[in-house]
Amino acid sequence: MSSTGSITTAFSGWPATESVDTYRTQANNETLAIPRSLLRKLIQDHHTVYHMEHRDIPNILARVLVGLHELGANQDQLINGYKKVHPDLVPLLQTSIEKNTIADDSWLEHLGDSTYYRQYLSFFQQKIEQRGVEKVVQEYFCSSPLLTSIGSQLQPIVHMAFGLEYDMPEIVVQGLAYLATTFVDVEPLLEEASSSSGYSDNSSILFDMVAADPRFAGRMDGTNTFHSAVKVLIKSQQSLLGMYMRMVKSKLQDLVTLAAQLIPCTQQAHRLDWFLGGGQLLASALAIQFLVQQPYVDEDAAKKLVQLQFLATMCTYVVQGRPDRPPSHDTPCQTWENCASAVVQSGDPKSILIMQSLSKAQQLFGEQDEGYLQVANFIAGFVQADGAWCKTDERSVR
């Protein structure tokens, strides 16, 4: 689908008619009226063609398309969203370098090696075809080292959970391969959290204690990507991070709220930070909320996932410069519908995913809380002002 005409043709069946097979989300058992053939074709076309992530930019095409639909996009807006995401996708280049085949007795040997993405795709695809999605996720995620990986800001977990929630096995395969190739083990830090003293105010730990701790001063650069910067932080400050992990006893609902609060805290003029403001932490908290409710995720795995979310939040906060606590906002002046309409009209992929996440958070936790709507108003204002996404050191502005 390289031309506008072919894109339009591909989306000519959107939204689905009543006769079209549709997806049903496991989260709320509501029908998602997207033609199964459309999404499946897009996923299959991209399955072995594009990287899942290249220099901090993940492949979020399928998630954006579903998010647009849930926010009420029409066909033209869907096409616009596709055209906003597609240029950022980086093809997987063919190589003459021979790679070992991933097998049962060797699948752990190449964790963290992004050059093995194709091999992991093939391995997990075969496992799911043989054993089914749930058994594979239970064995190769819940009961394996992948459970304690903080790689790529937990976006591999988001992608895998998205595939599980919307019953898309190919996406689950991609998520597992993404997890394997971005692997950064933090199990020792999660073990520190098991002896937590029980201080449960995540927000105060972050904005009052971590923010003021001079031991976190200095640049965490790595190889000029966020992923590498987090690896540098974990290696150089493992003891200090462990101290904070022992202090906190996190509740998932509080971490969802904290992730939403972090979105506006990096605003400078009409710019927002790519990693703190971009909604990744909110997406990962909600993905973990989905996972811990599944029967194949046991209590121990659920506890580690919650601890992982706090650690990812703390690491992101430190690497991105420890900004001040976000300012208080006025009473929201735009409704959810108006905010969603503004974001959909903009076609901005990150804002679309943020708005979708805020809507889910509101449904789960926010019936009596205007906090999520306040952030929705903030994001609507951001896109209406033609805001830009940037990394804090301004290596990239988008």
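**Entry 1. E187 and K304**

I looked up the E187–K304 pair first and found that their side chains form a salt bridge, 3.9 Å from N to O. The model is a predicted one, and the distance is computed from it. E187 belongs to helix α9 (residues 187-193) and K304 to helix α15, so this pair ties together parts that are 117 residues apart in sequence. I checked the surroundings of E187 and noted a relative accessibility of 31%, which means partly exposed.

**Entry 2. D300 on the same lysine**

Which residue in α15 lies four residues from K304? I found D300, and the two are about one turn of the helix apart. D300 and K304 form a salt bridge, with 3.8 Å between the closest N and O atoms. D300 has a relative accessible area of 45% and is partly exposed. I noted that salt bridges with shared partners join E187, D300 and K304 into one network.

**Entry 3. A second link to α9**

I then turned to E192 and found a salt bridge to R246, where the closest N and O atoms are 2.6 Å apart. R246 sits in helix α12 (residues 238-247) and E192 in helix α9, so the pair connects parts 54 residues apart in sequence. I get 32% relative accessibility for R246, which is partly exposed. E192, at 28%, is partly exposed too. My search of the whole structure returned eight salt bridges.

**Entry 4. Helix α15**

I went back to α15 to check its length. How far apart should the ends of its 21 residues be at 1.5 Å a residue? The expected span is 30 Å, and the end C-alpha atoms are 30 Å apart, so the two values agree. I find 17 of the 21 residues buried, so I recorded the helix as mostly covered, given that buried means under 20% relative accessible area. At the N-terminal end, D298 acts as a cap, with a side-chain oxygen 3.3 Å from the backbone nitrogen of D300. D300 is also the residue that bridges to K304. After the helix comes G321, with a positive phi near 95°.

**Entry 5. The nonpolar cores**

I looked next at the largest nonpolar core, which has 127 residues. Which of them touch the most other members? They are F124, F141 and I150. Helix α15 (residues 299-319) supplies the largest share of this core, 13 residues. I listed the contacts of F124, leaving aside neighbours within four places in sequence: W107, Y140, L146, V173, L176, A177 and A180. Another core lies apart from this one; it has seven residues, including A62, V66, M168 and I171.

**Entry 6. Positive phi outside glycine**

I checked phi because most residues other than glycine have a negative value. S152 has a positive phi of about 55° and is not a glycine. I located S152 in the loop between α6 (133-142) and α7 (155-165). Is S152 buried or exposed? S152 is buried, at 6% relative accessibility.

D167 also has a positive phi of about 55° without being a glycine. I located D167 in the loop between α7 and α8 (169-181). D167 has a relative accessible area of 40%, so I entered it as partly exposed.

Note on methods. Residues numbered from 1 in each chain as written. Predicted model: local features only at pLDDT ≥ 70, side-chain atom pairs only at ≥ 80, totals over all residues. Heavy atoms only, no water. Core = buried A, V, L, I, M, F, W, Y, C linked by side-chain atoms within 4.5 Å. Buried < 20%, exposed > 50% of the residue type's maximum accessible area, 1.4 Å probe, protein only. Contact = heavy atoms within 4.5 Å. Salt bridge = Lys/Arg side-chain N within 4 Å of Asp/Glu carboxyl O. Expected span 1.5 Å × (residues − 1). Polar contact = N/O pair within 3.5 Å; in protein donor to acceptor, adjacent residues only side chain to side chain.
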